[in-house]
Amino acid sequence: MKSALMVWGGWEGHEPKQCVDVFAPLLEAEGFSVALSDTLDAYLDRDRMQSLDLIVQCWTMGTITGEQEKGLLDAVRGGAGMAGWHGGMCDAFRNNTDYQWMTGGNWVAHPGGCREYTVNIVNRSDPITEGIADFKMNSEQYYLHVDPSNEVLATTVFDGAEAPWTAGCVMPVAWKRRWGSGRVFYSSLGHAARDFDVPECREIMRRGMIWASR
């Protein structure tokens with residue numbers, strides 16, 4: 001049986017526990033043994049971290065100690081998968097550039113707050129997005145600083161209504177990448193648990209976690 005650790009906390013506006021509770025049963029249905037933790041000290045247990053198949057984090061902002069960060073990064077570099085969504089993965093630990101290097105991007109803005117926008121699937125042959133058509137979201141449209149080495153699966157286009165200089169900007173929404181021997185998957189969707197009521201949003205995240213797993 002594969003093992004997954006889901007770590008949640010940080011800013012409560014992103015409903016970290018509620019979001020984790022959406023996906024824990026889905027991973028269990030895929031044959032994972034799922035453990036939940038509401039403390040970053042979970043990353044300090046080196047033996048356990050090195051044995052994990054998948055780490056899912058939903059921890060917006062906050063701070064991480066050097067030893068906690070090392071435990072996480074070493075586990076992924078050694079082959080554990082890493083997956084997450086929205087601010088829980090790419091607006092965490094803003095002072096930690098090695099962490100940002102691992103995730104492949106970091107949040108900088110969401111012009112206009114929650115708004116309707118289109119998610120465009122740009123890689124229709126990847127197993128994470130195969131068979132999924134473009135779809136609408138009514139949520140925060142994340143503007144991110146992203147790593148050019150990411151393998152982008154989905155994008156969105158900014159209309160510039162709130163920030164005119166961004167008009168026409170094509171922004172990655174979902175990507176996958178490598179960190180050492182580990183696979184990393186990220187989706188910028190998932191501001192609140194209700195976002196995952198959108199079937200495409202939930203399915204991309206479910207598939208991404210499975211892909212990332214060791």
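Colleague: What covers the buried residues of helix 3?

Modeller: Happy to start there, keeping in mind that this is a predicted model. The cover includes helix 2 (46-51), strand 3, strand 4, helix 5 (97-103), strand 10 and strand 11. The buried residues of helix 3 are Gln68, Glu69, Gly71, Leu72, Leu73, Asp74, Ala75 and Val76.

Colleague: How do you know that the length of helix 3 agrees with its number of residues?

Modeller: Helix 3 has 12 residues, and at 1.5 Å a residue the expected span is 16 Å. The C-alpha atoms at its ends are 16 Å apart, so the two values agree. Just after the helix, Gly79 takes a positive phi of about 130°.

Colleague: Which strands does helix 3 lie across?

Modeller: Helix 3 (residues 66-77) lies across strand 3, strand 4, strand 10 (170-179) and strand 11 (182-187), and runs at about 145° to strand 3. Helix 6 also packs on the sheet, where it touches strand 3, strand 4, strand 6 (114-121), strand 7, strand 10 and strand 11. The direction of helix 6 makes about 170° with that of strand 11.

Colleague: What is the order of the strands in the open sheet?

Modeller: There are nine strands in the order 2-1-3-4-11-10-9-6-7, and the pairing is mixed.

Colleague: Why are strand 2 and strand 7 said to stand at the edges?

Modeller: Strand 2 (32-37) and strand 7 (135-140) each have a single partner strand, so one side of each is left without a neighbour in the sheet. From one strand to the next, the twist averages 25°.

Colleague: What makes strand 3 and strand 4 a pair?

Modeller: A pair needs at least two bridges, and four join strand 3 (residues 54-60) to strand 4 (residues 81-85), so they qualify. These two strands run parallel. Leu54 has Gly81 of strand 4 as its bridge partner.

Colleague: In which sense does strand 10 pair with strand 9, and in which sense with strand 11?

Modeller: Strand 9 (residues 151-157) pairs with strand 10 in the antiparallel sense over six bridges, and Val157 stands opposite Val170. Strand 10 and strand 11 are also antiparallel, over six bridges, with Ser187 in strand 11 as the bridge partner of Ala174. Strand 10 and strand 11 form a hairpin with two residues between them, and Gly180 in the turn has a positive phi of about 60°.

Colleague: Why is strand 10 called largely enclosed?

Modeller: Eight of its 10 residues are buried, so the rest of the structure largely encloses strand 10.

Colleague: Which residues have the most contacts inside the largest nonpolar core?

Modeller: They are Leu54, Trp85, Phe135 and Phe185, in a core of 34 residues. Helix 6 (residues 199-212) supplies the largest share of this core, with six residues. Apart from it lies another core of 30 residues, among them Val7, Trp59, Tyr142 and Leu144.

Colleague: What makes the pair of Phe23 and Phe196 edge-to-face?

Modeller: The angle between their planes is 85°, and the class asks for over 60 degrees, so the name fits. The ring centres are 4.7 Å apart. Phe23 sits in helix 1 (residues 16-29) and Phe196 in the loop between strand 11 and helix 6, 173 residues apart. Phe23 and Phe196 are both buried. Ring pairs link Phe23, Trp85 and Phe196 into a cluster.

Colleague: And why is the pair of Trp107 and Tyr142 called tilted?

Modeller: Their planes stand 45° apart, neither under 30 degrees nor over 60, so the pair counts as tilted. From centre to centre the distance is 6.1 Å. Trp107 is in strand 5 (residues 105-109), while Tyr142 is in the loop between strand 7 and strand 8 (143-146).

Colleague: How do you know that Tyr142 is buried?

Modeller: Its relative accessible area is 3%, and the limit is under 20%, so Tyr142 counts as buried.

Colleague: Why is Glu15 called partly exposed?

Modeller: Glu15 has a relative accessible area of 23%, between the 20% and 50% limits, so partly exposed is the right class. Glu15 lies in the loop between strand 1 (2-10) and helix 1, and has a positive phi of about 50° although it is not a glycine.

Colleague: Is His86 buried or exposed?

Modeller: His86 is buried, with 0% relative accessibility against a limit of under 20%. His86 is in helix 4 (residues 86-90), with a positive phi near 45° in a residue other than glycine.

Terms used. Residues are numbered from 1 along each chain as its sequence is written. This is a predicted model: local features need pLDDT of at least 70, side-chain atom pairs count only at pLDDT 80 or more; totals for chains, interfaces and linings use all residues. Side-chain values use heavy atoms; hydrogens and water are left out. A nonpolar core is a set of buried Ala, Val, Leu, Ile, Met, Phe, Trp, Tyr and Cys residues joined through side-chain atoms within 4.5 Å. Buried means under 20% relative accessible area, exposed over 50%, partly exposed in between (1.4 Å probe, protein chains only). Axes are lines fitted to C-alpha atoms, for helices over the stretch in contact, and angles run from 0 to 180 degrees between N-to-C directions. Contact means heavy atoms within 4.5 Å. Rings of Phe, Tyr and Trp (its six-membered ring) pair if their centres lie within 6.5 Å; planes under 30 degrees apart count as stacked, over 60 as edge-to-face and the rest as tilted. The expected span of a helix is 1.5 Å times one less than its number of residues.
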